[in-house]
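Trainee: I would like to go through the labels used for this model and ask what stands behind each one.

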Amino acid sequence: MQIRFTKMQGAGNDFVVLDETHGLLGLSAAQYRFLADRHFGVGADQILSVRPAPAPGLDFEYVIHNADGGEVEHCGNGARCFVRYVHDQGLSERNPLRVKVKKGVIELKRLADGRVTVDMGPPVFALADVPFNASGLKPERLNGFERWPLTLPYAGEVPVAVLSMGNPHAVLRVDDVDDAPVAGWGPLIEVHERFPQRVNAGFLQVVDRTTVKLRVYERGAGETLACGTGACAAVVAGIRLGWLDERVDVHTRGGLLTIEWKASDGLDAPVFMTGPATPVFNGVIEVPDHLS
Ligand SMILES: N[C@@H](CCC[C@H](N)C(=O)O)C(=O)O
């Protein structure tokens, strides 16, 4: 089967975007993996499928698959690319857009300078909803928020903040992100037995109260150049732990994301993420039928 796609990136987190507004392509997990493959397919961290609105009051649905073929709840950088895509392809002129993703409904706004602001919704702290199994663990409390000791082979106990942005995140503070053991610890944290749905592992360096550096080892994709939900989770954790103010510039290896969370309005205040969304190229690819 031949399919048309657009390759996009948001702060270096890259995507294959598919238009399914006129009918579903019915791709299998193996076919998503093929598209994401950097040697045999197009190459991407995630595949984004743009679909018609599933209910009145919504503009679209968009479905996200990780490079490993698994469907996921949310993708912050993908949300910004999705908005740019529907606008550039003439699928909608509306601004803002209300869009269904697996985690719920999100609102996305194109800015005059080409960037996009996403209302990511409130963070989730209930451990069962992350999900995280804390049974038998004794947390360290900082500023009224917990860090949990995660035991890693060879590394011993490392303290992580745990929360969900619709998808699960573990956030670990490091002194120097360029020196952080992302490749070594990332895969161990991703599949740690205390995270029954696996987890995205964020390595956070606090530069000052409004500036951080971040690297994320993503569930189902490995280390990416940026992770939007990871940036939100890291800033929310940093605010709750007393390290950060309510508006923070997050420097990733692929670009700058700005995160705002007005915790002073309550823990259920929405998180706003602003950043770039850039088309790279359009193409047509033959997707092998034997992978269906
Ligand atoms: N790159 C994304 C997150 C994609 C999903 C994540 N890997 C997961 O499995 O939860 C982002 O920008 O948020």
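The exchange below takes the labels in turn and sets the values against their cut-offs.

Mentor: Keep in mind that this is a predicted model. Start with the ligand.

Trainee: Why is the ligand said to lie between domain 1 and domain 2?

Mentor: Domain 1 (2-112 + 277-291) and domain 2 (127-269) both give residues to the shell around the ligand, so the ligand lies between them. The shell has 19 residues, and Asn77, Asn167, Arg219, Gly228 and Thr229 come nearest.

Trainee: Which helices each supply at least two residues of that shell?

Mentor: α2 (76-88) and α4 (228-240) do. α2 gives the most, with three residues. By class, the shell has twelve polar, four nonpolar and three charged residues.

Trainee: What makes α2 and α4 oblique to each other?

Mentor: The angle between α2 and α4 is about 130°, and their axes are 5 Å apart. Angles over 145 degrees would count as roughly antiparallel and 65 to 115 as roughly perpendicular, with oblique for the rest outside the parallel range under 35. The two helices are therefore oblique. On the α2 side the contact is made by Gly76, Asn77 and Ala79, and on the α4 side by Gly228, Thr229, Ala231 and Cys232. These contact residues divide into four polar, three nonpolar and no charged.

Trainee: How far apart are the C-alpha centres of domain 1 and domain 2, and how many residues does the contact take from each?

Mentor: The centres lie 25 Å apart. The contact takes 18 residues from domain 1 and 20 residues from domain 2. On the domain 1 side, the largest share comes from α2, with three residues. That side has nine polar, five nonpolar and four charged residues.

Trainee: Why is Glu190 counted as buried or exposed?

Mentor: A residue is buried if 20 or more other C-beta atoms lie within 10 Å of its own. Glu190 has 20 C-beta neighbours inside 10 Å, so Glu190 counts as buried. Glu190 lies in helix α3 (residues 182-190). Leaving out residues up to four places away in sequence, Glu190 touches Arg198, Val199, Ala201, Tyr217 and Arg219. From Glu190 to Tyr217 there are 27 residues in sequence, and the C-alpha to C-alpha distance is 7.7 Å.

Trainee: What makes Ala11 and Tyr154 worth listing for their phi values?

Mentor: Phi of Ala11 is near 55°, a positive value in a residue other than glycine. Tyr154 is not a glycine either, and its phi is positive at about 70°. Ala11 lies in the loop between β1 (2-10) and β2, and Tyr154 in the loop between β10 (145-152) and β11 (156-164).

Trainee: How do you know whether Ala11 is buried or exposed, and what about Tyr154?

Mentor: Ala11 has 26 other C-beta atoms within 10 Å, so Ala11 is buried. The limit for exposed is 12 or fewer. Tyr154 has 7 C-beta neighbours inside 10 Å and therefore counts as exposed.

Trainee: What is the omega of the peptide bond that joins Asn95 and Pro96, and of the one from Val130 to Pro131?

Mentor: For Asn95 and Pro96 omega is about 0°, and the bond is cis. The bond from Val130 to Pro131 is cis with omega near -5°. Pro96 is in the loop between α2 and β6 (97-101), and Pro131 is in the loop between β8 (116-119) and β9 (140-142).

Notes. Residues numbered from 1 in each chain as written. Predicted model: local features only at pLDDT ≥ 70, side-chain atom pairs only at ≥ 80, totals over all residues. Near = placed C-beta within 6 Å. Helix = DSSP H or I, 4+ residues; strand = E, 2+ residues; numbered from the N terminus. Nonpolar A, V, L, I, M, F, W, Y, C, P; charged D, E, K, R; others polar. Domains from an automatic or database assignment. Axes fitted to C-alpha atoms, helices over the stretch in contact; angles between N-to-C directions. Contact = placed C-beta atoms within 7 Å.
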